[in-house]
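Hi,

Here is the structure I said I'd pass along. Have a look at it first, and then read on for what turned up.

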Amino acid sequence: MFLGRFHHALDAKGRLAIPARLRQDLEHGAVLTRGADSCLALYPTAIWQGLCDRIAALPVSDPAVRAFRRFVFSEATVLEFDGQGRVLIPQSLRDFAGIERAAVIVGMDTMIEIWS
């Protein structure tokens with residue numbers, strides 16, 4: 001379960017330190033994508049797979065579903081943690097969320113939001 005709010009600065013390479021308290025639930029992998037409300041959404045692999053399954057069940061004949069699929073999957077990336085618990089946030093995702101030098105990491109129960 002992800003809880004709490006944390007303020008962290010990005011380094012010059014665009015890496016963000018994920019708090020140790022949150023990292024322990026991400027040890028089996030994580031996926032980062034665009035989130036609602038101009039933030040980023042970070043999902044543990046198991047939760048991400050459940051989301052993918054639910055999206056796959058939606059009718060691709062619906063234009064709104066196709067647009068939603070593009071929104072979620074086109075910028076999604078598998079994250080890799082370095083030895084200091086940092087992840088590289090791709091420039092396209094930083095631009096989407098307006099993240100330049102600092103970010104707010106918010107625990108949202110089953111996922112994490114990252115805000116400018």
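**What I found**

D37 is exposed, with a relative accessible area of 62%. Before going further, bear in mind that this is a predicted model. D37 belongs to the loop between β3 (30-34) and β4 (40-44), and its phi is near 60°, which is a positive value in a residue other than glycine. The two strands on either side make a hairpin with five residues between them, and D37 is in the turn.

There is another aspartate of this kind. D109 isn't a glycine either, yet it has a positive phi of about 70°. You'll find D109 in the loop between β7 (102-107) and β8 (112-115). At 42% relative accessibility D109 counts as partly exposed, because the exposed class starts over 50%.

Now the sheet. Six strands make it up, in the order β1-β7-β8-β4-β3-β5; the sheet is open and the pairing is antiparallel. At the edges sit β1 (5-9) and β5 (77-79), each of which pairs on one side only. If you ignore direction, neighbouring strands are turned by 25° against each other on average.

Some of the pairings in detail:

- β3 and β4 run antiparallel and are joined by five bridges, with A30 standing opposite P44 in β4.
- β4 also pairs with β8, again in the antiparallel sense, over three bridges; here A41 has E113 of β8 as its bridge partner.
- β3 pairs with β5 in the antiparallel sense over three bridges, and the bridge partner of L32 in β5 is T77.

Helix α2 packs on this sheet, where it touches β3 and β4, and its direction makes about 105° with that of β4.

So how many residues of β4 are buried? Five of the five, so the strand is largely enclosed by the rest of the structure. In a regular strand, side chains alternate between the two faces of the sheet. In β4, L40, L42 and P44 point one way while A41 and Y43 point the other way, and all are buried.

That leads on to the nonpolar packing. The largest nonpolar core has 21 residues, and L16, I18, L32, L40, L42, I112 and I114 are those with the most contacts inside it. Two or more residues each come from β3, β4, α4 (91-97), β7 and β8. Leaving out residues up to four places away in sequence, I18 touches R23, L26, L42, F81, G85, V87 and I105. A second core, separate from that one, has nine residues, including W48, L51, V72 and M111.

W48 turns up again among the aromatics. The structure holds three aromatic pairs. In one of them, the rings of Y43 and W48 have their centres 5.7 Å apart and their planes at 50°, so the pair is tilted. Both partners are tucked away: Y43 is buried, with a relative accessible area of 15%, and W48 also counts as buried, at 10% relative accessibility.

In another pair, the rings of W48 and F73 have their centres 5.7 Å apart and their planes at 85°, so this one is edge-to-face. The W48 and F73 pair links distant parts of the chain: W48 is in helix α2 (residues 45-56) and F73 is in helix α3 (residues 63-73), 25 residues apart. F73 is partly exposed, with a relative accessible area of 29%. Taken as a group, Y43, W48 and F73 are linked into a cluster by ring pairs.

One last item for your electrostatics folder: R34 lies over the face of F96, at 5.8 Å from the ring centre.

If you only open a few views, I'd pick these:

1. The hairpin of β3 and β4, with D37 in its turn.
2. The cluster of Y43, W48 and F73.
3. I18 with its contacts, which include L42 and I105.

Cheers

Conventions: Residues are numbered from 1 along each chain as its sequence is written. This is a predicted model: local features need pLDDT of at least 70, side-chain atom pairs count only at pLDDT 80 or more; totals for chains, interfaces and linings use all residues. Side-chain values use heavy atoms; hydrogens and water are left out. Rings of Phe, Tyr and Trp (its six-membered ring) pair if their centres lie within 6.5 Å; planes under 30 degrees apart count as stacked, over 60 as edge-to-face and the rest as tilted. Buried means under 20% relative accessible area, exposed over 50%, partly exposed in between (1.4 Å probe, protein chains only). Helices (H or I, at least four residues) and strands (E, at least two) are DSSP runs, numbered from the N terminus. A charge sits over a ring if NZ of Lys or CZ of Arg is within 6 Å of the ring centre and within 35 degrees of the ring normal. Two strands pair if DSSP finds at least two bridges between them. Axes are lines fitted to C-alpha atoms, for helices over the stretch in contact, and angles run from 0 to 180 degrees between N-to-C directions. Contact means heavy atoms within 4.5 Å. A nonpolar core is a set of buried Ala, Val, Leu, Ile, Met, Phe, Trp, Tyr and Cys residues joined through side-chain atoms within 4.5 Å.
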